[in-house]
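Student: Could you walk me through the hollow spaces in this protein, the open ones and the closed ones? I'd like to know what lines them.

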Amino acid sequence: MSVHAELQNTVEEMIDDERGILAADESTGTMTKRLKAVGVESTEENRRWYRSMLLSTPEVGKYICGMIFYEETMSQQDGNGKPLPELASANGIIPGIKVDKGKGPLAGAPGDMITFGLDGLEDRLLRHKKQGARFAKWREVYPITDHNPTALGLTANAEMLARYAAVCQAVGILPIVEPEVLIDGNHSIERAAEVNEQVWHSVFHALHQHGVVLEHMILKPSMITPGKEAGKASPEEVAETTLRILRRTVPAAVPSINFLSGGQSPEEATANLNALNRLRDKAPWHLSMSYGRALQEPAMAAWGGDNSNRDQAQAAFLKRAKLNSMARRGEYSADQE
Ligand code: 5MM
């Protein structure tokens, strides 16, 4: 099969009106923090058990089309010896892989960051493709301050995302392009809108320069909200502001925009996705999710490291997946919680 056909098939199988992506690609450091918060030790066995529990949730494939794996998870197996990427596929979930290697300070741009991992990327993608991965994800992170992101930060981060996406497409792996503008700080929603506009504009400029085929990618942006120390905006204001800026910067050729939750509560992330989809007549793209915390937090808490809580944890996970599927259609309301 040609690379073009592979990418097209993945787009068609992953994008519809009902489902979204589960981000379960926390690196060991992040996962250790998440597990510690619910009193669980971060052992390889606990991480394996927890992620295979999520993947084997009955009916989850009705609401979740893909799961982003972390490298460690790609070679783990469920209790019956089935590799977890195979378990995902068997349950209607396309496996994908986070291929960035984490972030650090960007030299020459105080306060900005840059993500590592381009060296050897093609080889890693081909290895993960053999293990079953059909899409990949790479995150660049942009803090908001009075001075950040800098002009250099915008250009350098956009360049990384575009180079990553071009390599993915060359080997038939669908790239998820994730420019995360952080929610940390006390900035206004207007300042967040200004920064996201600069970020999305620079990212699409770089994608164009690198010849990335927009029809064969997914954008995973932040929603535009005020900083987390500045209070909340209503879902309607978040949706209206986010769509206004997306329409200025993201070409209609992009098939789907799958938002990250970025520190919003599960209920907030669902309500905001719902408000976005109520305005979908203004959007040429699918508007979906690629949530990590907002899909997993209740399930992780229900498990709490006690494997006899499997049913409760799966029920909590399925509930969030289902409510977000309703939000995909703009049919969610808080009384369904
Ligand atoms: C922003 O984080 C992504 C989405 O998760 P949330 O919905 O919780 O914000 C997520 O895919 C993230 O990129 C991964 O958890 C990987 O994070 P680390 O920092 O461990 O690479």
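Tutor: Here is a walk through the pockets and cavities, with a few stops at residues along the way.

First, some ground rules. This is a predicted model, in which local features need pLDDT of at least 70 and side-chain atom pairs count only at pLDDT 80 or more, while totals for chains, interfaces and linings use all residues. Residues are numbered from 1 along each chain as its sequence is written, and side-chain values use heavy atoms, with hydrogens and water left out.

Now the vocabulary. We work on a 1 Å grid over the protein atoms alone: a cavity is a set of points where a 1.4 Å probe fits but cannot get out, and a pocket is an open set with protein on both sides within 12 Å along at least five of seven lines. A residue belongs to the lining if it has an atom within 4 Å of a point. Grid points are joined across faces, edges and corners, and a volume is the space filled by probe spheres set on the points.

Let's start with the open spaces. The largest pocket holds about 790 Å³ of space. Its lining is made of 35 residues, and the ones nearest its centre are Thr30, Arg34, Arg139, Glu180 and Arg293. Four elements give two or more residues to this lining: α2 (28-37), α6 (121-131), β6 (135-142) and β7 (174-181). Those labels come from DSSP runs numbered from the N terminus, with helices (H or I) of at least four residues and strands (E) of at least two. What sort of residues are they? The lining of the largest pocket splits into 18 charged, 10 polar and seven nonpolar. In this scheme Ala, Val, Leu, Ile, Met, Phe, Trp, Tyr, Cys and Pro count as nonpolar, Asp, Glu, Lys and Arg as charged, and the others, Gly among them, as polar.

The second largest pocket has about 150 Å³ of space. Here 13 residues form the lining, with Ile183, Thr225, Gly231, Lys232 and Glu268 nearest the centre. By class, that lining has six polar, four nonpolar and three charged residues.

On to the closed spaces. How many cavities of 30 Å³ or more are there? The count comes to three. The largest cavity has a volume of about 120 Å³. It is lined by 16 residues, and Val181, Ile183, Ser222, Met223 and Thr225 are the closest to its centre. Both β7 and α8 (189-209) supply at least two residues of that lining. Sorted by class, the lining of the largest cavity has eight nonpolar, seven polar and one charged residues.

The second largest cavity is worth a closer look, with about 40 Å³ of space. Among the residues that line it are Met14, Asp16, Cys65, Ser256, Asn258, His286 and Arg328. The elements giving two or more residues to this lining are β9 (256-259) and β10 (286-291). By class, the lining of the second largest cavity has four nonpolar, four polar and three charged residues.

Take Asn258 from that lining. Asn258 sits in strand β9 and, at 3% relative accessibility, counts as buried. Buried means under 20% relative accessible area, exposed means over 50%, and partly exposed is in between (1.4 Å probe, protein chains only). The side chains of Asn258 and Ser256 are joined by a polar contact of 2.6 Å. A polar contact is a pair of N or O atoms within 3.5 Å; within protein, one must be able to donate a hydrogen and the other to accept it, and residues adjacent in sequence count only if both atoms are side-chain atoms. Leaving aside neighbours within four places in sequence, Asn258 is in contact (heavy atoms within 4.5 Å) with residues including Gly20, Ile218, Pro221, Ser288 and Ser290.

Cys65 lines this cavity too, and Cys65 is buried, at 1% relative accessible area. Does a disulfide turn up anywhere, or none at all? A search of the whole structure finds zero disulfides, a disulfide being a pair of cysteine sulfur atoms within 2.5 Å. For Cys65, the nearest cysteine sulfur is that of Cys168, 17 Å away. That gap is too far for a bond, so Cys168 cannot pair with Cys65. Cys168 is buried as well, with a relative accessible area of 0%.
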